[in-house]
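Visitor: I'd like a close look at one part of this protein, the inside. Please walk me through what is tucked away there and which pieces of the chain supply it.

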Amino acid sequence: MKVSIGRNWWILAARGILAILFGLYAILRPGMALATIIMAFGVVVLVAGILSIVAGMRAHDRRLPSWPIVIEGIVCVAFGLLALIKPGATAMAWLFIVSAFAVVSGALHVTAAMELRKHFKGEWVLILNGVLTMIFGVLMVLLPWAGLLSLVWLIGAYSLFFGVLLLIFALRLRSRWHARPTPRPARH
């Protein structure tokens with residue numbers, strides 16, 4: 001697991017950079033059509049769902065536990081398709097979809113961080129990211145009438161912060177990966 005995560009630090013960095021760019025776009029251009037943001041969310045969640053299903057199938061082929069990954073993938077695909085098929089649906093429905101996704105995603109980040117703590121001592125950034133993601137999801141349900149403009153700004157600010165934290169985590173992972181001792185080749 002450590003080798004796979006260490007080698008793929010750049011994927012986390014790219015995800016962080018994309019989140020930062022999306023956050024800046026939402027903050028600086030809040031008047032853009034909400035349907036565009038919903039469709040972007042739909043595409044991202046749909047792709048994430050497909051990748052989760054593929055990962056679950058590969059884990060199943062190796063006789064590893066796979067049902068949680070596959071279920072997450074199915075849920076993501078369903079949310080993604082709903083956002084793409086009905087972009088003009090009510091903002092309230094979208095609000096609940098995004099908030100549910102944030103709560104589930106945050107819980108999964110916290111779970112992943114707890115597993116990583118077994119391998120990397122003192123790793124708190126991913127835990128903070130997961131907790132803040134869950135708080136974001138709950139706040140969206142508690143404050144539904146704050147207005148769509150506020151929602152777009154809130155999503156932009158969250159995405160920006162999420163991206164920065166993910167980028168920090170990726171760079172820390174990269175430095176740990178590059179600082180690890182390299183095994184010497186065996187002599188014959």
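Guide: Let's begin on the outside and work inwards. The protein chain exposes about 11,600 Å², and 74% of that is supplied by carbon and sulfur atoms. Bear in mind that this is a predicted model. Of the 188 residues in the chain, 34% are buried, and those are the ones you're asking about.

The framework is easy to hold in your head: seven helices and zero strands, so to speak α-α-α-α-α-α-α if you read along the sequence. Contacts reach a long way along the chain, too. Take those between residues at least 6 apart in sequence: 80% of them join residues at least 24 apart.

Now for the inside proper. The largest nonpolar core has 18 residues, and the ones with the most contacts inside it are Phe 41, Trp 94, Val 98, Phe 136, Met 140 and Leu 151. At least two residues of this core come from each of helix 3 (34–61), helix 4 (67–85), helix 5 (91–117), helix 6 (125–142) and helix 7 (148–179). If you want one residue to click on, try Leu 151: setting aside residues up to four places away in sequence, Leu 151 touches Trp 94, Leu 95 and Met 140. Apart from this core lies another one, of twelve residues, with Trp 9, Ala 13, Ala 113 and Val 125 among them.

Back to Phe 136 for a moment, since its ring has company. The structure holds two aromatic pairs. In one of them, Phe 136 and Tyr 158 are stacked, with 4.5 Å from centre to centre and 5 degrees between the planes. Phe 136 lies in helix 6 and Tyr 158 in helix 7, so this pair ties together parts that are 22 residues apart in sequence. The two partners sit at unlike depths: Phe 136 counts as buried at 7% relative accessibility, while Tyr 158 is partly exposed at 21%. Add Phe 162, and ring pairs link Phe 136, Tyr 158 and Phe 162 into a cluster.

Right beside Tyr 158 in the sequence is Ser 159, also in helix 7. Ser 159 is buried, with a relative accessible area of 8%. Its contacts, not counting residues up to four places away in sequence, include Ala 19, Ile 20, Phe 22 and Gly 23.

That takes us over to helix 2, which runs over residues 9–28. Helix 2 has 20 residues and reaches 29 Å from its first C-alpha to its last, close to the 28 Å expected at 1.5 Å a residue. Its buried residues are Trp 9, Ala 13, Gly 16, Ala 19, Ile 20, Gly 23 and Ala 26. Look down the axis of helix 2 and these fall within an arc of 150 degrees, so they line one face of the helix. Turn to the other side of helix 2 and you'll find Leu 18, Leu 21 and Leu 28 exposed. Two names from that buried list, Trp 9 and Ala 13, you've already met in the twelve-residue core.

Ala 113, another member of that core, lies in helix 5. With a relative accessible area of 1%, Ala 113 is buried. Leaving aside neighbours within four places in sequence, Ala 113 is in contact with Leu 126 and Ile 127. Its C-alpha is separated by 7.7 Å from that of Trp 124, eleven residues apart along the chain.

One last stop: helix 4, which helps supply the 18-residue core. The 19 residues of helix 4 should span 27 Å at 1.5 Å a residue, and its end C-alpha atoms are 27 Å apart, which agrees. Buried here are Val 70, Gly 73, Cys 76, Val 77, Gly 80 and Ala 83. Seen down the axis of helix 4, they fall within an arc of 150 degrees, so they line one face of this helix. Trp 67 and Ile 85 are exposed on the other side. Leu 82, also found in helix 4, is partly exposed, with a relative accessible area of 41%. From Leu 82 to Ile 97 it's 15 residues in sequence and 9.4 Å in space, C-alpha to C-alpha.

Methods
Residues numbered from 1 in each chain as written. Predicted model: local features only at pLDDT ≥ 70, side-chain atom pairs only at ≥ 80, totals over all residues. Heavy atoms only, no water. Helix = DSSP H or I, 4+ residues; strand = E, 2+ residues; numbered from the N terminus. Expected span 1.5 Å × (residues − 1). Buried < 20%, exposed > 50% of the residue type's maximum accessible area, 1.4 Å probe, protein only. Arc of directions from axis to C-beta. Core = buried A, V, L, I, M, F, W, Y, C linked by side-chain atoms within 4.5 Å. Contact = heavy atoms within 4.5 Å. Areas by Shrake-Rupley, 256 points an atom, 1.4 Å probe, with all protein chains shown as cover. Phe/Tyr/Trp six-rings, centres within 6.5 Å; stacked < 30°, edge-to-face > 60°.
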